[in-house]
Amino acid sequence: MDDTIDDCIIVGGGPAGLTAAIYLARYHLSIRLFDCGTSRAALIPCTHNHAGYPEGIAGLELVGRMLEQAEKYGVVHEEKRVEHLAKTGDCFVVGTDEGTFRARTVLLATGVFNRHPPGMDDAFHDEALFKGLLRYCPVCDGYEVTDKRVGIIGTGSHGTAEAIFLRSFTKDVTLISPTDDHDLEPECLAKLDEAGIVRVDGPCGDYAMRGDKLAVDTAEGWLEFDSVYPALGSDVRSQLAQDAGADCTDVGCIKVDDHQRTSVPGLFAAGDVVIGLDQISHAMGQAGVAATTIRNDLADERSLLR
């Protein structure tokens, strides 16, 4: 660890982290961004609801453009995995797999990890995702399954909510239990019945791509769908915040105020790691708020006059 103290270290190279990096660099602050290459946005085959791209844009291209813009203003982008975070005195100590760094402030934009369908290997998963046979975000791409045959792997209140949401795009919706019999309360059963949503027991664990269909093995045999949505929840990547002593929700989302401050002074969070709508536009908005607050808080501590 050298004597350098950055104004801000950003952890996460998705839309939130990169937006914050652009803002902070244009505020003439010294920053660096650590990215281990696991942004969910980079996995999006093509997003059609991100404003400004009438024909849609691939997530990898969008993130690449944002990184190019950030580097234009001098952002130091480093492919490092942050392994621990602590506050010591007036600064943060950020430990990575390739050294330790210090910063006056830290912005966590570490996102979440969508739980994959049970028994689906990574290579199959990524190919199905690329082809649009597997989808995770009905808010993003429900429009693309309009009047198509849709399967949802999930159960309980979460699976029910996703099925009801997708029912507004198509009448052909099947809710498949990921394990054995469905675990559905009477209230959920009533909602599913009212919407005419078919229920099929599991377990599911075998899958096949058959032309432009994704087939799922269920208790009732193989079923084919135009697209399948896993509704299995997500793992929130908030361990660094917890290590630093920040308050989190029961499911691990980092708690922040209206300016994206956590309960630890100088520690900020933005994007999907914070509770809210998991959307690129929302993450970018939070990042702009966080970056401007970081700038203003630092200005209160020392002059930023040129």
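What is the handedness of the crossing of α1 and α8? Before you look, note that this is a predicted model, where local features need pLDDT of at least 70, side-chain atom pairs count only at pLDDT 80 or more, and totals for chains, interfaces and linings use all residues. Residues are numbered from 1 along each chain as its sequence is written, and side-chain values use heavy atoms, with hydrogens and water left out.

**Stop one: the helix pair.** Select residues 15–26 for helix α1 and residues 280–301 for helix α8 (helices are DSSP runs of H or I, at least four residues; strands are runs of E, at least two; both are numbered from the N terminus). Their axes come within 8 Å and cross at roughly 35°; axes are lines fitted to C-alpha atoms, for helices over the stretch in contact, and angles run from 0 to 180 degrees between N-to-C directions. The crossing is right-handed, meaning that the near helix is turned clockwise from the far one by less than a right angle.

Now show side chains. On α1, the contact (heavy atoms within 4.5 Å) is made by P15, A16, T19, A20, Y23 and L24. Across from them on α8, pick out contact residues including M284, G288 and T292.

**Stop two: the sheet.** Jump to β11 (207–210) and β13 (221–225), the edge strands, each pairing on one side only. The open sheet runs β11-β12-β13 with antiparallel pairing, where two strands pair if DSSP finds at least two bridges between them. β11 and β12 (residues 213–218) share 4 bridges; click M209 and you'll find its bridge partner, L214, in β12.

**Last stop.** Add helix α3 (residues 122–130), which packs on the sheet, touching β11 and β12. The direction of α3 makes about 40° with that of β11.
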